[in-house]
Amino acid sequence: MLWLLCCVAIGATLYRGGRWLRRGLERARQGRAEVRRASLAFRDEFPSLSAELSRHGANAALQPVEPLMALDAATGELVALAPATEADESVTAVFAWRRNRWRSEGRIVAGLTPAQTLHHHRDRLIAA
């Protein structure tokens, strides 16, 4: 009898664990889809993003290439690290994906490429 109760308990645990795993995989799929959607939106919004960056006082010119996507571990926000130039220096412009739109607060990481910025801030940024 004890053997049967143990088997039922193990089966129930495995079933709940399987559901938990399936939910985790589904969230990961949704996350990848969100990154793709945000990446496409970045291309579409590129002209307005350049203007928004300038409005915030950054004198950087965005380069028309694919940004590096990352998750901010502290806030959970998706961020785009976009290459830019400012006074003939390579910089990284930082944009945040909020309410299905890219936003800029004029944040610039001076002297680092997007990949270097991701590596330098690896304790806070996670590649998406």
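Which residues does Glu-86 touch, not counting residues up to four places away in sequence? The legends below answer this and describe further views of the predicted model.

**Figure 1. Surroundings of Glu-86 in strand β3.** Leaving aside residues up to four places away in sequence, Glu-86 touches Ala-58, Asn-59, Ala-60, Val-91 and Ile-108. One of these, Ala-58, is 28 residues from Glu-86 in sequence, and the C-alpha atoms of the two are 8.4 Å apart. Glu-86 has a relative accessible area of 23% and is therefore classed as partly exposed, the range for that class lying between 20% and 50%.

**Figure 2. Overview of the chain in the predicted model.** The chain holds two helices and six strands. Read from the N terminus, these elements follow the order α-β-β-β-β-β-α-β. The chain has 128 residues, of which 32% count as buried. Among contacts with a separation of 6 or more, 47% join residues that are 24 or more positions apart. The exposed area of the chain is about 8400 Å², and 59% of this area is supplied by carbon and sulfur atoms.

**Figure 3. Surroundings of Met-69 in strand β2.** Strand β2 spans residues 68–72. Because its relative accessible area is 7%, Met-69 counts as buried, the limit for that class being under 20%. Beyond residues up to four places away in sequence, Met-69 touches Val-35, Ala-38, Ser-39, Leu-78, Val-79, Ala-80, Trp-102, Ala-127 and Ala-128. Ala-80 lies eleven residues from Met-69 in sequence, with a C-alpha to C-alpha distance of 4.7 Å.

**Figure 4. The largest nonpolar core and a second, separate core.** The largest nonpolar core comprises 20 residues, and those touching the most other members are Phe-42, Leu-53, Leu-62, Leu-78, Phe-95 and Trp-102. At least two residues of this core come from each of α1 (2–55), β3 and β4. The greatest contribution is that of α1, which gives seven residues. The second core, separate from the largest, has seven residues, including Ala-70, Val-79, Val-109 and Leu-125. In soluble globular proteins, nonpolar side chains tend to be buried together.

**Figure 5. The largest pocket and its lining.** The space in the largest pocket amounts to about 170 Å³. Its lining consists of Asp-72, Val-79, Leu-81, Val-94, Arg-107, Ile-108, Val-109, Thr-117, His-121, Arg-124 and Leu-125. Two or more lining residues are given by β3 (78–86) and by β5. The largest share, three residues, is that of β5. By class, six of the lining residues are nonpolar, two are polar and three are charged. Ile-108, a lining residue of this pocket, is also among the residues touched by Glu-86. Val-79, Val-109 and Leu-125 belong to the pocket lining and are also members of the second core.

**Figure 6. The cavity and its lining.** One cavity of 30 Å³ or more is counted. The volume of the largest cavity is about 60 Å³. Val-79, Val-94, Phe-95, Ala-96, Arg-98, Arg-103, Ser-104, Glu-105 and Arg-107 form its lining. The elements giving two or more residues to this lining are β4 (89–98) and β5 (101–110). Four residues of the lining are nonpolar, one is polar and four are charged. Val-79, Val-94 and Arg-107 line the cavity and also appear in the lining of the largest pocket.

Terms used: Residues are numbered from 1 along each chain as its sequence is written. This is a predicted model: local features need pLDDT of at least 70, side-chain atom pairs count only at pLDDT 80 or more; totals for chains, interfaces and linings use all residues. Side-chain values use heavy atoms; hydrogens and water are left out. Helices (H or I, at least four residues) and strands (E, at least two) are DSSP runs, numbered from the N terminus. Buried means under 20% relative accessible area, exposed over 50%, partly exposed in between (1.4 Å probe, protein chains only). Contact means heavy atoms within 4.5 Å. Accessible areas come from the Shrake-Rupley method with a 1.4 Å probe; for residues, only the protein chains shown count as cover. On a 1 Å grid over the protein atoms alone, a cavity is a set of points where a 1.4 Å probe fits but cannot get out, and a pocket is an open set with protein on both sides within 12 Å along at least five of seven lines; lining residues have an atom within 4 Å of a point. Grid points are joined across faces, edges and corners, and a volume is the space filled by probe spheres set on the points. Ala, Val, Leu, Ile, Met, Phe, Trp, Tyr, Cys and Pro count as nonpolar, Asp, Glu, Lys and Arg as charged, and the others, Gly among them, as polar. A nonpolar core is a set of buried Ala, Val, Leu, Ile, Met, Phe, Trp, Tyr and Cys residues joined through side-chain atoms within 4.5 Å.
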